[in-house]
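User: Could you take me through one small part of this model up close? I am new to this, so please explain the terms as you go and then show me how that part fits into the rest.

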Amino acid sequence: MCGIVGYVGNKQALDVVLEGLRRLEYRGYDSAGVALAVDGTLATAKRSGKLANLEKTLAETPLPASTTGLGHTRWATHGPPTDRNAHPHLDTAGRVGVVHNGIIENFAQLRSELEDSGVAFESDTDTEVVSHLLAAEFGSPGVGHDLAEAMRRVCRRLEGAFTLVAMHSDVPDAVVAARRNSPLVVGLGDGENFLASDVSAFIGHTREALEVGDGQVVEITRDGVTVTDFAGRECQPGRYHVDWDASAAEKGGFDHFMLKEIAEQPKAVADTLLGRIDEAGRLHLDEMRLSDDELRDVDKIIVIACGTAFHAGLVAKYAIEHWTRVPCEVELASEFRYRDPIVDRQTLVLAISQSGETMDTLMAVRHAREQGARVLAISNTNGATIPRESDAVLYTRAGPEVAVASTKAHLTQLVACYLVALYLGQLRGTKWGDEIRWVVRELAELPAKVEHVLQTVQPVRDLAASLRDKGSVLFIGRHVGYPVALEGALKLKELAYMHAEGFAAGELKHGPIALIEPGVPVVVIVPSPRGRDVLHDKVVSNIQEIRARGALTVVIAEEGDDAVKPYADHLVTLPECPTLLQPVLATVPLQVFAAEMARLRGFDVDQPRNLAKSVTVE
Ligand code: M6R
């Protein structure tokens, strides 16, 4: 939700912190701020709006040099996005600086206690209580100048989810952080160390990282990293090597990260398949850490996810039930635990999350595990909380996704879901070997087919130009085309701020068809004509129904599907593909359509208003 960075080393801390914030800005861009340790004081700067506002301020009024600092980019929860509410937040004496990601649920009670003791607050945030509490603990008996101990004591009083990074002017060579249910990683350098919400912040300096566990406090200095739990017991964090470099987190010549990430999809899909299918067409997912017996034992699958990942889950249901004959439910993670779901040891919960940090999904994972379910995470982020807390994990290999709107991560989520479903089909014997091999061959062709869609997508951009002033765009599809319709609508809403809705094509006549009036664009996702004829023919009938009522039809169909041509005002064609796999292709023109629409309407393609990449509050 917010992005946080801490640094101690030999370089100019401001440069390192700003570089980190640039890479983390996708997490929130309501305000940005920095603090540096300078000659026994803290020098700070903060501004509402995007990081560029802060950079402009720093160019006009530079801060003194320092090799210890922290920074923050905010997605507002408590208090509007103003200068005053921008982080870092200081204590009354200006000696403690704190940045925070998450929500401190008991902040009102803590604030009133502090106010009763005479503390005057400068902001509306929940974070500021931490600055005052740290100031009160620092120097107290049993704490002295041990900022980590002060942090541990404060954390024991906090409720809610948080990552905190703090400095004290009396300890100018250390930065301390703490986490509970919110992401934090340590970057290990040579004579320098880093703290950040994710590794992209320091990837230009080091690819060696430590996973900080939940309920732990970290202190970094130039030469060392110390990790303890909130009680002060030493912990041994896991160390890992990041297998991508700084160039993966740059725009690489594209105007926007989203365009680069759309273009990277053929490779992302290929990478996600790599090494998971052998030459004989058999799947190998041993990395998942679930035994064959455990997987054979499963009698129900529940997919939980949010947003675009949820749409991948909806597609997964069709594949899972078709290939494994195991009943599968798909549920929004934010709803899951509040409905008292029926879950037991034989339930396999599939938690899909690009970031691996989405709080709604994390809470659903925990609930499922408490009920005895086995949880298999599908995530794009090594070492994130959801994969770490799950029984098993299948990583997508999309590489870092920076644009807030998910594209390449989504396509790889679809592929990962197919792999899991096929693997279960293979293991449980619900599919013949030659049927699996046929699907595997089709999966292997997807990267080239996605590339073909990208090469032929220009008419979709032209279409966006012709529809840019429309008030509303509807999307319809059947079977796996329905989640594609939902995804097309979500992309257009989040990027172009247009009214957009996705419907199951068969549902139109039960109400939404009343929305059709002359000129309303309706995007229709048509299944392969070579698949189940009934499915295809029903969608063709739906196109005729809406066209008869004046809709402007944008038809996405397979090349050579002559049946749709008479009813398509605009036709977008896709390479031949089995219907179950078609979402991997059909989603791509919709991504391009939404990005182009945002550009034409003058909106920020990478950082749409009010959003953040990773939603770490419930
Ligand atoms: O990181 P996650 O996959 O858990 O994120 C889930 C959603 O927040 C995310 O897909 C969101 O809907 C995107 N902005 C969609 O483009």
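Analyst: Happy to! Let's start at R325, which is found in the loop between helix 9 and strand 16 (328–332). Helices (H or I, at least four residues) and strands (E, at least two) are DSSP runs, numbered from the N terminus. Please keep in mind that this is a predicted model, in which local features need pLDDT of at least 70 and side-chain atom pairs count only at pLDDT 80 or more, while totals for chains, interfaces and linings use all residues. Residues are numbered from 1 along each chain as its sequence is written, and side-chain values use heavy atoms, leaving out hydrogens and water.

What is special about the backbone of R325? Its phi is near 60°, a positive value in a residue other than glycine. R325 also counts as exposed, at 61% relative accessibility. The cut-offs are these: buried means under 20% relative accessible area, exposed over 50%, and partly exposed in between, with a 1.4 Å probe and protein chains only.

Now step back into helix 9. This helix covers residues 307–324, and G307 is found in it. G307 is partly exposed, with a relative accessible area of 34%. Follow the chain from G307 to S406 and you travel 99 residues in sequence, yet the two C-alpha atoms are 9.3 Å apart in space.

A good residue to look at next is Q413, which lies in helix 13 (residues 408–428). Q413 counts as buried, at 2% relative accessibility. Which residues does Q413 meet? Setting aside neighbours within four places in sequence, Q413 is in contact with T308, A309, A312, I352, S353, Q354 and T396. Contact means heavy atoms within 4.5 Å.

One of those partners, S353, is worth a visit too. S353 lies in strand 17 (residues 347–353) and is buried, with a relative accessible area of 2%. Not counting residues up to four places away in sequence, S353 touches T358, T361, I378, S379, N380, I386 and Q413.

So much for this neighbourhood; where does it sit in the whole? The domain assignment of the protein chain gives domain 1 (3–239), domain 2 (261–444) and domain 3 (452–600). These bounds come from an automatic or database domain assignment. The C-alpha centres of domain 1 and domain 3 lie 46 Å apart.

Elsewhere in the chain, helix 5 (residues 147–155) makes a nice contrast with the exposed loop residue we began with. Eight of the nine residues of helix 5 are buried, so this helix is largely enclosed by the rest of the structure. Those buried residues are L147, A148, E149, A150, M151, R152, V154 and C155. They pack against helix 4 (128–137), strand 7 (160–168), strand 8 (175–180), strand 12 (216–220) and strand 13 (225–229).

Another backbone detail to look for is the cis peptide bond that joins H87 and P88, with omega about 5°. P88 is found in the loop between strand 4 (68–74) and strand 5 (89–90).

Further along, G481 has its place in helix 16 (residues 481–496), and G481 is buried, with a relative accessible area of 4%. G481 and R599 are 118 residues apart in sequence and 26 Å apart in space, C-alpha to C-alpha. Then comes N610, in the segment after helix 18 (583–600). N610 has a positive phi of about 65° although it is not a glycine, and N610 is exposed, with a relative accessible area of 61%.

Finally, the whole chain. There are 18 helices and 24 strands in it. Its radius of gyration is 25 Å, close to the 25 Å that the globule rule gives for 618 residues, so the chain is as compact as a globular protein of that length. The radius is taken over C-alpha atoms, and the rule is 2.2 Å times the number of residues to the power 0.38. Buried residues make up 61% of the 618 residues. Among contacts between residues at least 6 apart in sequence, 71% join residues at least 24 apart.
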